Amino acid sequence: MHAVNDLSLEIRRGNVYGILGPNGSGKSTTLGIVLNVVNKTSGTYEWFGGTKDTHNALKKVGAIIERPNFYPYMTAYQNLELVCKIKEAPISKIDEKLELVGLLDRKDSKFRTFSLGMKQRLAIASALLNDPEILILDEPTNGLDPQGIHQIRDLVKKIAAQGTTILLASHLLDEVEKVCSHVLILRKGKMLYSGPVDGINASECYELRCANNEQLADHLGGYPGFKSVTAEGDKLLMFTSTPIDTAHLNRYLAEKSLYVSHLAVRRRTLEEQFLELTKESL
Amino acid sequence: MKRLFSIEFQKIWMNRSSRILLISYFIILSFIALIASLKIEIGSFNMRLADQGIFNFPYIWHFNTYIAAVLKLFLAIVIVSMMANEYSYGTLKQNLIDGLSKKEFVLSKFYTVVAMALASTVYVFLLSLILGLSFSSYDETSIIFTDLQFIAAYFLKLTAFFSFCLFLGILVKRSAFALGFLLVWNIFEGIVFAILRVGFFADSPDTARSVMRFLPLESMANLIKEPFTRLSLIKQIETSIGGAANAKIYDVQFVDVVIVLAWTVIFVLMSYTILKKRDL
């Protein structure tokens, strides 16, 4: 049994990547392998074009895996001081990063007194200490309340705006949709899709309804660019490979004596596309 | 090396329990001095231990290192829990992600082990020197610095023992279980000895002992042999009861040094191997 199988991926500078997949799809395992905490059975990876060995490359990377891990008996500042020693980053960065995540006034509080949201923000501050070229976040909003989720997302956007490459693993679709420019969809350790978030909208979807849906479905099949049609309640959903002009479609149907009472372009959410993608491979 | 040690030192020193244990250890170690004031009174028989030559150079080096080694369990707790904490806090994983290599991680722990052994050794050396200068009947420089082999053996013994604890901490991941394992191992060595003695080498106890000396805890114990029968008072008793003094070798044996060094290397390498093989 392989947690991750046949996965190949290249991260380019300056983009925000989302790794999307249901729980247990291999997101954390993939990140664990490149972060040198999970042993791989086969395959290779390299950091920054292979110019550095893994542990030195990791000093130029910021990463948070699953939950914030710090020494509970040390203060926020002391914890970051330790990370600075490990990453060989200047101590002077600590205040700057604490300011960024809004924890500067709590810097002398012990880590164990922090709420989960604060812990997660401290983890982000810690990951940023070395001004990393790439920031890896694994489920950064897991277990947070709506306000905490919002704070983290704002923070991620802020960091992305500064030009840092970000790799965000999540099972939350809207999170990836809101934050990322590229997406990689995993299921059972296999890659289902990899490319720009917009590119995933390869098929267009239109809602139609008329008095005789069966006849309508027959005639839609002859329309240029048609891919498939399915029924949804009293409506038909038509998928096309290219965007079509709805006015043209309306005239086409009218010429066949079919008068639609409803015609609309449906904007498909990432969730629907994700479900469709993961369903196809079942 | 300085970087690795300072990382580890911060982890330990900021932890209140570890700090208290470390301080208590050194305070309790000082209480060896109190043995000096111990008086044994049996009827008209009156004896002050300090006057019996236990603080005489060079015997004091042997006596103090033997007694001080008993307290090493304090530091063992600190070492085992510093490792177990890394697992339970998830900081081992985080340290590696932050850019510490697995090798550096084990090295930083090993440096700490050596530093603790060294601190304890220096402390025992100074303590013995002061006690000796105050109570010893001989104070010629050449006599004072005779038998410093015991100080060196003490350092080696602690380093090896702490490396064993470090290895158990990495292997077992839980401090209580690791210490339990240490106890179980101790009993195991006892059982092995019993089996060898009664079963395989029933007719030659020396052979049993020469096999036993290869086991880790036994080899560490062999480095500094018990000093009590060496005391002139006990020797007198022995001579009067048995007719002849026990002709035992008390010196640190070269073979034991080699065995203990080998175990230290094995423990450190095994710690590294486990860490390398394990998914964290």
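# Two chains, question by question

User: What percentage of the 282 residues of chain A count as buried?
Analyst: A residue is buried if 20 or more other C-beta atoms lie within 10 Å of its own, exposed if 12 or fewer, and partly exposed in between; C-beta atoms are placed from the backbone. The model is predicted: local features need pLDDT of at least 70, side-chain atom pairs count only at pLDDT 80 or more, and totals for chains, interfaces and linings use all residues. Residues are numbered from 1 along each chain as its sequence is written, while chains are lettered from A and ligands numbered from 1 in the order in which they are written. In chain A, the buried part of the 282 residues is 35%.

User: And what percentage of chain B is buried?
Analyst: Chain B has 280 residues. Its buried residues make up 36%.

User: How many helices and strands does chain A have?
Analyst: Both are DSSP runs, numbered from the N terminus: helices are H or I with at least four residues, strands are E with at least two. Chain A has 10 helices and 10 strands.

User: Is chain A compact or spread out?
Analyst: The radius of gyration is taken over C-alpha atoms, and the globule rule is 2.2 Å times the number of residues to the power 0.38. For 282 residues the rule gives 19 Å. Chain A reaches 24 Å, well over that, so compared with a compact globule it is more spread out.

User: What does the C-alpha trace of chain A span along its principal axes?
Analyst: Three numbers describe the span, one for each principal axis. They are about 75 × 45 × 30 Å.

User: Which strands are at the edges of the six-strand sheet in chain A?
Analyst: Two strands pair if DSSP finds at least two bridges between them. This open sheet has mixed pairing and the order β2-β3-β4-β1-β5-β6. The edge strands each pair on one side only: β2 (61–64) and β6 (190–196) of chain A.

User: Which residue is the bridge partner of A:I19 in β4(A)?
Analyst: Strand β1 (residues 16–20) and strand β4 (residues 165–170) of chain A run parallel, joined by five bridges. Within β4(A), A:I19 has as its partner A:A169.

User: At what angle does helix α1 of chain A run to β3(A)?
Analyst: Axes are lines fitted to C-alpha atoms, for helices over the stretch in contact, and angles run from 0 to 180 degrees between N-to-C directions. Contact means that two C-beta atoms, placed from the backbone, lie within 7 Å. Helix α1 (residues 27–34) lies across β1, β3 (134–138), β4 and β5 (182–187) of chain A. With β3(A) it makes about 140 degrees.

User: What is the strand order of the four-strand sheet in chain A?
Analyst: Strand β7 (residues 204–210) runs antiparallel to strand β9 (residues 235–240) of chain A, with five bridges. β7(A) also pairs in the antiparallel sense with strand β10 (residues 260–266) of chain A, over six bridges. The edge strands are β8 (226–232) and β10 of chain A. The whole open sheet has the order β8-β9-β7-β10.

User: Which residue in β10(A) stands opposite A:Y206?
Analyst: Two partners on the β9(A) side come first: A:E207 bridges to A:L237, and A:E204 stands opposite A:T240. In β10(A), A:Y206 stands opposite A:V265.

User: Which three residues touch the most other members of the largest nonpolar core?
Analyst: A nonpolar core is a set of buried Ala, Val, Leu, Ile, Met, Phe, Trp, Tyr and Cys residues joined through C-beta atoms within 7 Å. This one has 117 residues. Its largest share, 15 residues, comes from helix α8 (residues 149–172) of chain B. The three are A:L168, B:I79 and B:F162.

User: Which helix gives the largest share of the side of chain A that touches chain B?
Analyst: The contact takes 23 residues from chain A and 23 residues from chain B. On the chain A side, 14 are nonpolar, five polar and four charged. Here Ala, Val, Leu, Ile, Met, Phe, Trp, Tyr, Cys and Pro count as nonpolar, Asp, Glu, Lys and Arg as charged, and the others, Gly among them, as polar. The largest share, six residues, comes from helix α3 (residues 76–87) of chain A.

User: How many helices and strands are in chain B?
Analyst: The C-alpha atoms of chain B fill a box of roughly 70 × 50 × 35 Å, taken along the principal axes. Chain B has 13 helices and two strands.
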